[in-house]
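Welcome, and please open your viewer with the whole chain in sight. We will go from stop to stop, selecting a few residues at a time.

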Amino acid sequence: MTYQVYDDAITLRLVQAASKMLNVPAEAVLKLFGGYFFTFCKVSGYDRMLRTLGGSLMEFIENLDALHSYLALSYQEMKAPSFRVEKREGGEMWLHYYSDRRGLCHIVPGIIQAVAKDFFDTEVEMEILDQSEEEECTEKMEHVVFLVVQKKLSQRQRERPETSMQSKGKQLDKEEIERYLHKMKEKYHALSHCSVKRTHWDILRNIVKFGQSNLPSSFEPVYPERLWIDRKAFCDAFPFHIVFDDELKVKQAGVNIQKHVPGLQTMNVRVDEYFTITHPAVPFTISSIRKFINSQFVLKARREMMPESWKTQPMLQLRGQMLWMGIIQCMIYLCSPQLRSLQELEERKMYIADIAQHDTTRDLILLNQQRLAEIELSNQLERKKEELRILSKNLEVEKKKTELLLYAMLPEHVANLLKEGKRVEAGDFEECTILFSDVVTFTNICAACEPIQIVHMLNSMYSRFDRITTVHDVYKVETIGDAYMVVGGVPIPVASHAERVANFALGMRVAARSVKNPVTGDPIQVQPVI
């Protein structure tokens, strides 16, 4: 089931079974699954989303947490891992993997290698440098450090839109180069007729700058000498933000975060007294936050710090980015309420108007409301489909039972005609051979035994007789008590019907010897009459 959450114990049992069946290590099975999972995500509609996460493997990994945060809006019970990348010398990377789901870390190399090969045309070698339980976390989490080494697969250009002018420049043909030169000449002539006297070096410098201005790779931002926004406008424009120093003392807070967490109106209170970090699972310290600075942080308001009348409603959760401002030694948390639906908005006594107009959370809530409805509908359809599959399977089993019973009562060709809804015409047979048989002293046996003993004896005897009918190709008409009736040459006429029935009679006498009389323990005797 797509939206069903399965226990990790089931996953590990499947992996162990596959490992045993294929005679390969469990780590290899998990690695292969990682590569398959990446392919599955691509064909499931996430291809474009994955491709746009980053322009390099490092950027891709750094933005995985943000992707997981977005997917958590739809898959509410998802327990996603967290990733952190350290760039090392020689192009190597250390990939830190954190998860509270133990035993699944070997999936990571399979995913990363598939991503590197498909998106970035590189071959990746990964090995585990360290594996432990993270002691700094507020809950026990598996912490695995991978060494990642990249090697270029080939020099061919990838068939995807390039993101830099450097790669575009490689694709420029002669006509494009001539067009750039023509623009530069036009600029030169415009400068030469300028009324202000300039040297040839000034003109040349302007031409070079003109050419550079078309290259985004040479872009350098320009910062103002002072910030042209006052404190009130900033707090109104970013209604959900907190600024706190290295001692976690609140220095500034947005207007709406003050509205929903009134304690923040008192400056210099400690932010960890009013919030806990729920993701990533790290302690509320500046050093830990800076360690995961590239991750999205989810903060949850403490219930005990809320007004008494608010303690029964769900607590406010914030999701956003931490930025360290080194000059003033403060951290700013730019965030938005973490809301999945309009229902959650109402439960927290909030309104769309509380969210800034530039904040895409407004649109996300409305879009996700529709998506949650679609997911619920899809989930219902999938459950109904599974129910129908089970019912169909049970129906097929019952159908086979009915057919077996029908074939046991009627000739096969007659039963087939009845199944097809056709009329069965009565047939005439000029000659046939009929056999009747019964058990010798059956009345005395019944008088001395329990009914269940008689049932077992007859069932054992008739089961043997039924097998013999298929050997000699005679048709069993019926059984009544100890009487057993068969016919040869009916319903399919054959010339040797008498011979077949006679051979059946001899066979049933032999078969009856293996059935014991429940009274004396001696073999029972049958008396066939043809």
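Here is a short tour of this predicted model.

**Stop 1: the whole chain**

Start with a cartoon view of the full chain. It has 17 helices and 14 strands. Of its 530 residues, 34% count as buried. If you switch to a surface view, you are looking at about 33900 Å² of exposed area, with carbon and sulfur atoms supplying 55% of it. Contacts also reach along the chain: among those between residues at least 6 apart in sequence, 54% join residues at least 24 apart.

**Stop 2: helix α1**

Now select residues 8-22, which make up helix α1. How far apart are its end C-alpha atoms? They are 21 Å apart, and this agrees with the 21 Å that its 15 residues should span at 1.5 Å a residue.

Show the side chains of Asp8, Val15 and Ser19, the buried residues to look at in α1. These residues cover an arc of only 35 degrees around the axis, so they sit on the same side of α1. Next, add Arg13, Leu14, Lys20 and Met21: they are exposed, on the other side of α1. To see part of what covers the buried residues of α1, select α2, residues 26-51.

Before leaving, look at both ends of the helix. At the start of α1, a side-chain oxygen of Asp7 comes to within 2.7 Å of the backbone nitrogen of Ala9. After α1 comes Asn23, with a positive phi near 60 degrees.

**Stop 3: Ser19**

Zoom in on Ser19, which belongs to helix α1. Is Ser19 buried or exposed? Its relative accessible area is 15%, and buried means under 20%, so Ser19 counts as buried.

Which residues does Ser19 touch, leaving aside its neighbours within four places in sequence? Select Val24, Pro25, Ala26 and Val29 to see them. Ala26 deserves a close look, as its backbone nitrogen lies 3.5 Å from a polar atom of the Ser19 side chain. You can also draw a distance from Ser19 to Leu30: the two are 11 residues apart in sequence, and their C-alpha atoms are 9.5 Å apart in space.

**Stop 4: the aromatic rings**

Show the rings next; the structure holds 14 aromatic pairs. One of them is formed by Phe119 and Phe120, an edge-to-face pair with 6.3 Å from centre to centre and 85 degrees between the planes. Both Phe119 and Phe120 are buried. Add Phe38 and Phe60 to the selection, and you have a cluster in which ring pairs link Phe38, Phe60, Phe119 and Phe120.

Now move to Phe244 and Phe284. Their ring centres are 6.3 Å apart and their planes meet at 70 degrees, so this pair is edge-to-face. The pair links distant parts of the chain, 40 residues apart: Phe244 is in strand β5 (residues 241-245), while Phe284 is in the loop between β7 (275-279) and α11 (286-291). Phe244 and Phe284 are both buried.

**Stop 5: Gln338**

For the last stop, select Gln338, in the loop between β10 (330-337) and α12 (342-347). Its relative accessibility is 9%, so Gln338 counts as buried. What does Gln338 touch, not counting residues up to four places away in sequence? Highlight Val298, Gln317, Leu318, Arg319 and Glu344 to see these contacts.

Key
Residues numbered from 1 in each chain as written. Predicted model: local features only at pLDDT ≥ 70, side-chain atom pairs only at ≥ 80, totals over all residues. Heavy atoms only, no water. Helix = DSSP H or I, 4+ residues; strand = E, 2+ residues; numbered from the N terminus. Expected span 1.5 Å × (residues − 1). Buried < 20%, exposed > 50% of the residue type's maximum accessible area, 1.4 Å probe, protein only. Arc of directions from axis to C-beta. Contact = heavy atoms within 4.5 Å. Polar contact = N/O pair within 3.5 Å; in protein donor to acceptor, adjacent residues only side chain to side chain. Areas by Shrake-Rupley, 256 points an atom, 1.4 Å probe, with all protein chains shown as cover. Phe/Tyr/Trp six-rings, centres within 6.5 Å; stacked < 30°, edge-to-face > 60°.
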